[in-house]
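My notebook is open, and today I'm poking around in one structure. I'll jot down what I look up as I go.

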Amino acid sequence: MARMARVLVHVRRGGAGGPARFGQSVTGAFCAAHEDAAVVSCGLERGRFLLSDAAFPGSAVTLLERPRSCPAKRLGEQPALALPAELRGRGVAAGAAVLLRASTGRVLLTRRAAGLRAFPNVWVPPGGHVEPGEELLDAGLRELEEETGLRLEAGTFSWRLLGLWESLYPPTLSRGLPRRHHIVAYLLLLSAEPHQRLEARMRPSESEVSAYAWLEPPVLEAIAATEEGAESWGRGPGALPPTVGITELSNGSSSSAQLPTGTFLNAAPAQGEDVERVSTGTKFALRLWLEACGERGRGRP
C-alpha cells in the first residue's frame, strides 16, 4: 500500500555518496555500463536504505540487479530524454516484497488490482514501501497483512534476504518516462504451515489484489526460466498443466478459476501496452531462490 512517508535509498562508493537520484540507475553506480548486476552491502542506517561497495555495521551482502531494458539505464545513454524537475527531486524509494513459501512447497503470488497506478494486472508477491522506523522484515510482514489479511506469528517461519531489484514504472521508455523508481528487497519467508491453512486465514484487499494463486514448484521453475537471459530449469511448457488454479476476487466475494499457464510465462512487451504476466523482478527473485535450492541439493551450504 502506498504511503506518504518513505525510506529513501542512499548510495555510497569509496566512502563517499548521497541520496540516489530518481531516474538514474542505482545498479549502474556499482557496475560497468554493459553490465546489469553487482554485489553490494545493504542495510537500514539512520532512516535511509544504504547501498555500499563496502560492508558497514548491520549490513548484508547481496546481489543488486536491474532489467536489461531498465529505463534508468537507457536514460543515461540518451541525455536528450531529460526528466522534468518534479520527477528528478523525488529520490528512489526502498521497498520490500515477500516470497512466501508454505510447508507444502507452494509459493503465494497475487495479481495487482486493475486500478493501481503501477503494474496493474501483473502478478507479484505481496510488497510495498518501507516506512520510517521499519526493518525490511517488518515492512514485508505489514504489506503481506495489508494486501492479503494474512498475519504470520513469530516462530512460525524463517526468512532471509534473496536480493535487490531495481524497478521503474513504466518498465520501458516506449511507454513514457519513469514515474516510479524503487529498489525492492525480495525476502524469502519459509512458513511451517501448509498453504491450505494459510489460505484459510487470508482476507485479501480488493483495492490492491484482484486474484491470488499458490503456485507449485514446476510452474515456478518455468516462470523463472522465462527471465531474460535465464538458463532453462528443464521445465518446458509441454511438461506443465494447461491451466493453473487461481482465486479471483470481486465485489467482496471470491471464486475459483483456471488461468492458462502461459499467462504466467508471458514476457514484458518491448512496445505497446502491458500484458498480464509475472513481473520481471519476481522472476529474478524466483531464480535466486531456485539457485539456492539447487546449491543445497548439491551439498553446498
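I started with Glu 45 and Arg 48, and both turn out to be buried. They also form a salt bridge with each other, with the closest N and O atoms 2.7 Å apart. Note to self: this is a predicted model, so every value here is computed.

How many salt bridges does a search of the whole structure find? I got 18, and I looked at a couple more of them.

Next up was Glu 193, whose side chain meets that of Arg 201 in a salt bridge at 2.8 Å, N to O. Are these two buried or exposed? Glu 193 has a relative accessible area of 10%, which is under 20%, so I put it down as buried. Arg 201 comes out at 32%, so that one goes down as partly exposed.

Salt bridges with shared partners also link Glu 131, Glu 134, Arg 142, Glu 143 and Glu 146 into one network. Inside that network I checked Arg 142 and Glu 146, whose side chains meet at 3.4 Å, N to O. Both sit in helix H3 (residues 136-148), 4 residues apart, or about one turn of the helix. Arg 142 is buried, at 14% relative accessible area.

Last entry: Leu 259. I found it in strand E14, residues 253-260, and it is buried at 10% relative accessible area. What does Leu 259 touch, leaving out residues up to four places away in sequence? I wrote down Trp 123, Pro 242, Thr 243, Val 244, Ile 246, Phe 264 and Glu 276. I also looked up Leu 152, which is 107 residues from Leu 259 in sequence and 28 Å away in space, C-alpha to C-alpha.

Conventions:
Residues numbered from 1 in each chain as written. Predicted model: local features only at pLDDT ≥ 70, side-chain atom pairs only at ≥ 80, totals over all residues. Heavy atoms only, no water. Helix = DSSP H or I, 4+ residues; strand = E, 2+ residues; numbered from the N terminus. Buried < 20%, exposed > 50% of the residue type's maximum accessible area, 1.4 Å probe, protein only. Contact = heavy atoms within 4.5 Å. Salt bridge = Lys/Arg side-chain N within 4 Å of Asp/Glu carboxyl O.
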